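Open the model in your viewer and set it to cartoon. Keep the selection tool at hand, and show side chains as you go.

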Amino acid sequence: MVHRTPLRLLLRAPNILPLLPLPRNTLQQQSRKLSTTMPLQARVPPMEKISASSPSKGGPPRTRAKYQYRSPRYYRGRLAPNMPPPSASPSSRLYVPGPFVAERLEDHYWNTLAPDLQVLSYVHKQNPTFDIEKDYRQLTALRLPPKPTRQQLPALRTFRNIPRLKGITVHSMVRQAMKDSAHLHAAGMVVQSITGVRASVHKSKENIAMWELRSGKTISVTAQVKGRSAYRFLSQLIDVVLPRIKDWKGVAGGSGDSSGNITFGMSSEAVSMFPEIEVNYDMYPPKMVPGLHITIHTSAGNDVDAKILLKAMGLPFDGNFR
């Protein structure tokens, strides 16, 4: 006797029902229904608009969107629960795209100058040998304290303390700005065009009758260049501007502040030789192009190492280093 499962039990099992053979009339009826119904895209109900904003007053109420983490825009300290993204992330406010072009002088420093400077100042220390009979009396003898010396001894040169370029400061004092502010505006435009950095304005703090200087007057502009821009500015200064100055022997050999910072000045005629000024020379009045004081900051602890570094980069010096 063949056992037959009741139809009411089969209807309760959805996994078994599609496997059962259906009658021919039933298949024809299902095919007719599918052909007469609406297309699949028209039968799908439109999705509701999801918004995180508050429900509108006039329209239908909006549903809240799912929680999405948004990093803070500003740094609020080490103990803040949420931190802004790093500056290298495109979502950061401090993100700067690039670099698109490698600086020649920077590559020359890392590939050639830095290894050479380390080799030139290398000091080989041999492991000392100790002889008990010979060195015992010398080590145990009473020795006087060393005399105090004002000159700091140079540190042992390693790959960590090789002198390198930290930044460049371009400064211009415009004495005519006390009478006419147009000179100060022209100086700010010149400094900003040759450095690519927005210049900051400074006011005088003291009264000097000899210079006709009064406190509280804006008389100077300053721009600080760092990173790849510093290498670009120094390369342009060495390769383009300084070779065109007539009867210029070079930076004075005695310049420096004993901390590795070298400063030299440029006249208004030399400033006009920058490509950014020379291309748009008609935009600047000829008598309003200011002179500049350029300070090159290095990580060297003394002026001699800083001058050796800058001379290797191509900056000419006049006289002996001291």
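The tour below visits a helix, then the salt bridges, then a strand and its partners. Bear in mind that this is a predicted model.

**Stop 1: helix α6**

Select residues 182–195. This is helix α6, with 14 residues. From first C-alpha to last it reaches 20 Å, close to the 20 Å expected at 1.5 Å a residue. Now colour its buried positions: H183, L184, A186, A187, G188, V190, V191, I194 and T195. An α-helix has 3.6 residues a turn, so residues three or four places apart point the same way. Step just past the end of α6 to G196, where phi is positive, at about 75°.

**Stop 2: the salt bridges**

How many salt bridges does the model hold? The count comes to 3. Side chains of opposite charge can pair when their charged atoms come close.

Start with R104 and D239. Their closest N and O atoms are 3.2 Å apart. R104 belongs to helix α4 (residues 104–120) and D239 to helix α7 (residues 228–241), so this salt bridge ties together parts 135 residues apart in sequence. D239 is partly exposed, at 44% relative accessibility.

Next, select E106 and R228. Here the closest N and O atoms of the salt bridge are 3.3 Å apart. Again the pair links distant parts of the chain, with E106 in helix α4 and R228 in helix α7, 122 residues apart. Buried or exposed: which is E106? E106 is buried, because its relative accessible area of 14% falls under the 20% cut-off. R228 is partly exposed, at 34%.

Move on to E278 and R244. The closest N and O atoms of this salt bridge lie 3.0 Å apart. E278 sits in helix α9 (residues 275–279), while R244 is in the loop between α7 and β4 (251–252), so the pair ties together parts 34 residues apart in sequence. E278 is partly exposed, with a relative accessible area of 40%. R244 is partly exposed too, with 37%.

**Stop 3: strand β6**

Select residues 292–298, strand β6. The strand is mostly covered, with 5 of its 7 residues buried. Which strands pair with β6? Add β1 (residues 165–173): 6 bridges join β1 to β6, and the two run antiparallel. Show T169 and find T295 of β6 opposite. Then add β5 (residues 261–266), also antiparallel to β6 and joined to β6 by 6 bridges. Pick I262; the bridge partner in β6 is I296. In a regular strand the side chains alternate between the two faces of the sheet.

Definitions and conventions: Residues are numbered from 1 along each chain as its sequence is written. This is a predicted model: local features need pLDDT of at least 70, side-chain atom pairs count only at pLDDT 80 or more; totals for chains, interfaces and linings use all residues. Side-chain values use heavy atoms; hydrogens and water are left out. Helices (H or I, at least four residues) and strands (E, at least two) are DSSP runs, numbered from the N terminus. The expected span of a helix is 1.5 Å times one less than its number of residues. Buried means under 20% relative accessible area, exposed over 50%, partly exposed in between (1.4 Å probe, protein chains only). A salt bridge is a side-chain nitrogen of Lys or Arg within 4 Å of a carboxyl oxygen of Asp or Glu. Two strands pair if DSSP finds at least two bridges between them.
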